[in-house]
Amino acid sequence: MNHYNKDFHLKVGLEVHLQVKVGTKAFSQESYNYGEKQNTCISAWSVGMPGVLPSPSLALIESGIKLGLAMKSRINRVLRFSRKNYFYTDLPKGYQLTQTDPLCIGGELRFVDDDNKEVSVPIKEIHLEEDSGKSIYKSSKVFVDYNRSGVALLEVVTEPCIYKPEHASLFLIELRKLVRWLGVSDGDMEKGSLRCDVNVSVVSKDKDYNRTEIKNLNSFTAVRKSIITEYKRQLEVIESGRDVKEQTLSFDMKTSSIKILRDKSSAMDYRYINESDILPVRISEEKINTIQKELSVLPYIYFQLFYSSFGFDLKKTRLITEDRGRCLFLNLLIDESIKPNIALNWVLGHLMELERTESLSIGSLNIEELVVLLKALQNDKISFYNAKVVFSKYLSSDDLSMEKALSKVLSSSGNKEKLKEDVKLLLSEHPDKVKQYLDGKETLVQFFVGQVMRYSKGMYDPKEVKEIVEEELKSYKSK
């Protein structure tokens with residue numbers, strides 16, 4: 001980190017709000033979808049009508065347990081809710097339902113940083129709560145959209161044990177990966193499904209200085225940059241002989257600047273009280289064991305397998321473990337005796353491209369058929385390029401097996417004499433280009449390769465085509 005002062009260490013804690021995919025809101029039955037017309041995903045509860053009783057979502061509780069178990073938290077067996085009382089335009093009831101006794105206590109989240117070091121961030125707690133509405137400011141007026149009011153949230157709170165800005169953003173990336181893997185949340189920061197508040201303080205050998213809180217950061221870059229900016233600001237305050245005040249802040253990404261919103265000392269007393277309309281929810285050992293058994297192998301286990309055992313590089317390992325389906329598919333290929341690097345290059349180098357361009361669903365592929373192709377590639381019977389040609393033919397036909405598609409391409413692409421004839425034909429059709437090549441414009445080799453590939457409809461391996469083109473052009477020089 002630039003401008004880091006070794007006498008004043010950075011200390012960061014994160015509070016992460018995750019919108020949970022449970023089908024309904026936290027304490028009422030209406031659904032919520034991002035982007036719906038304002039004030040259409042509402043009910044009497046979410047707009048604060050009097051006399052309406054809350055009904056906690058069991059799916060939300062189960063999602064919280066699932067995330068807690070995945071992070072090795074201790075699960076609280078008795079669940080209680082509290083009212084957090086404050087007034088704001090987008091909080092129609094005048095209070096928010098949350099927890100003062102969290103569902104999950106302790107735990108950790110592990111990842112590998114950019115220096116290839118394993119980092120463990122300790123978790124303080126995970127608790128359940130409902131979201132507020134959204135205030136929209138236009139000119140001098142304030143409009144309120146209550147669609148988001150009452151949406152189910154999990155708040156993940158770390159201990160203040162993050163000491164690098166990069167580790168804060170990597171923690172969030174790993175958390176997003178985990179909640180997507182578990183199906184708990186889509187973790188989309190652009191849509192507000194994952195929002196982060198950052199607590200920043202400075203520590204010297206003699207003193208722990210006051211912390212500040214940066215609210216509502218909605219990108220990994222914003223988290224990292226805001227921490228750096230606030231660390232520098234606090235250093236300037238300390239070095240000038242002033243005290244760091246406990247304050248709530250906002251961060252402007254465009255100007256990389258910190259704005260003070262209010263002093264913590266003037267913050268309101270939330271006056272937490274127990275929610276008497278919801279009886280304590282008791283969580284049985286059987287329920288916890290059932291959820292534990294349903295947890296699949298988690299992404300960090302696969303990360304360690306791919307990175308440490310198979311030697312994949314850090315960037316590719318992060319990418320392949322980002323998506324659960326893609327990761328499991330790769331592991332299946334390796335289980336079928338496909339060499340790890342061949343399987344990885346095929347999944348990342350070709351299948352991901354087809355996902356983007358052709359809307360291919362990796363989960364729909366027949367693993368046994370693909371193994372036939374990759375074993376041919378692994379045994380040097382076919383080039384990577386021609387393997388892509390085979391796969392394309394296989395996908396475009398409903399009744400063509402991989403074995404037959406492979407046989408067709410091999411019979412055509414393996415005919416070297418036919419390739420030489422095609423190269424000679426194409427060279428004879430472009431005598432002007434041949435002359436330019438002979439006069440020193442050697443980049444025209446790629447032109448001829450392109451002509452041969454177009455003429456053969458992509459049947460040959462481009463590397464082999466280039467070799468034959470160069471060989472034939474040399475024969476022109478000797479004439």
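In this predicted model, L473 lies in helix α15, which covers residues 462-477. The residue is buried, because its relative accessible area is 0% and buried means under 20%. Neighbours within four places in sequence aside, L473 is in contact with L427, V434, Y437, L438, V445 and F448. One of these partners, L427, lies 46 residues away along the chain. The C-alpha atoms of L473 and L427 are nevertheless separated by 8.4 Å.

E130 belongs to strand β8, which covers residues 118-130. With a relative accessibility of 1%, E130 counts as buried. Its side chain takes part in a polar contact: one of its polar atoms lies 2.9 Å from the backbone nitrogen of L97. L97 also appears among the residues that E130 touches, once those up to four places away in sequence are left out. The other contacts of E130 are A26, F27, W45, K93, Y95, Q96, G150, V151 and L153.

Helix α7 runs over residues 324-335 and has 12 residues. At 1.5 Å a residue it should span 16 Å. The end C-alpha atoms of α7 are 16 Å apart, so the span agrees with the expected value. The buried residues of this helix are R326, C327, F329, L330, N331, L333 and I334. They pack against several other helices. These are α2 (165-182), α5 (299-309), α6 (314-322), α8 (340-358) and α9 (367-378). Both ends of α7 show local features. At the start, a side-chain oxygen of D323 comes within 3.2 Å of the backbone nitrogen of G325. Just after the helix, S337 takes a positive phi of about 70 degrees.

Helix α10 covers residues 384-396, a run of 13 residues. From first C-alpha to last it reaches 19 Å. That is close to the 18 Å expected at 1.5 Å a residue. Buried positions in α10 are N386, A387, V389, V390, F391 and Y394.

Positive phi values also occur in loops. N39 is not a glycine, yet its phi is positive, at about 60 degrees. This residue sits in the loop between β1 (9-19) and α1 (58-70). N39 counts as partly exposed because its relative accessibility is 32%, between the limits of 20% and 50%. S256 is another residue other than glycine with a positive phi, here near 50 degrees. S256 is placed in the loop between β14 (247-252) and β15 (257-263). At 34% relative accessibility, S256 also counts as partly exposed.

K205 is found in a further loop, the one between β12 (194-203) and β13 (212-217). Its relative accessible area is 81%, so K205 is exposed, the cut-off being over 50%. K205 and K388 are 183 residues apart in sequence. In space, their C-alpha atoms are 60 Å apart.

V78 is placed in strand β3, which covers residues 78-79. Residues up to four places away in sequence aside, V78 touches P280, V281 and R282. D208 is 130 residues from V78 in sequence. The C-alpha atoms of V78 and D208 are 35 Å apart.

The second largest pocket holds about 330 Å³ of space. Its lining comprises 16 residues. Q19, V20, K21, Y32 and N33 are the lining residues that lie nearest the centre of the pocket. By class, the lining has 6 nonpolar, 7 polar and 3 charged residues.

Methods. Residues numbered from 1 in each chain as written. Predicted model: local features only at pLDDT ≥ 70, side-chain atom pairs only at ≥ 80, totals over all residues. Heavy atoms only, no water. 1 Å grid on protein atoms, 1.4 Å probe; cavity = no way out; pocket = protein on both sides within 12 Å on 5 of 7 lines; lining within 4 Å. Points joined across faces, edges and corners; volume = space filled by probe spheres on them. Nonpolar A, V, L, I, M, F, W, Y, C, P; charged D, E, K, R; others polar. Helix = DSSP H or I, 4+ residues; strand = E, 2+ residues; numbered from the N terminus. Contact = heavy atoms within 4.5 Å. Expected span 1.5 Å × (residues − 1). Buried < 20%, exposed > 50% of the residue type's maximum accessible area, 1.4 Å probe, protein only. Polar contact = N/O pair within 3.5 Å; in protein donor to acceptor, adjacent residues only side chain to side chain.
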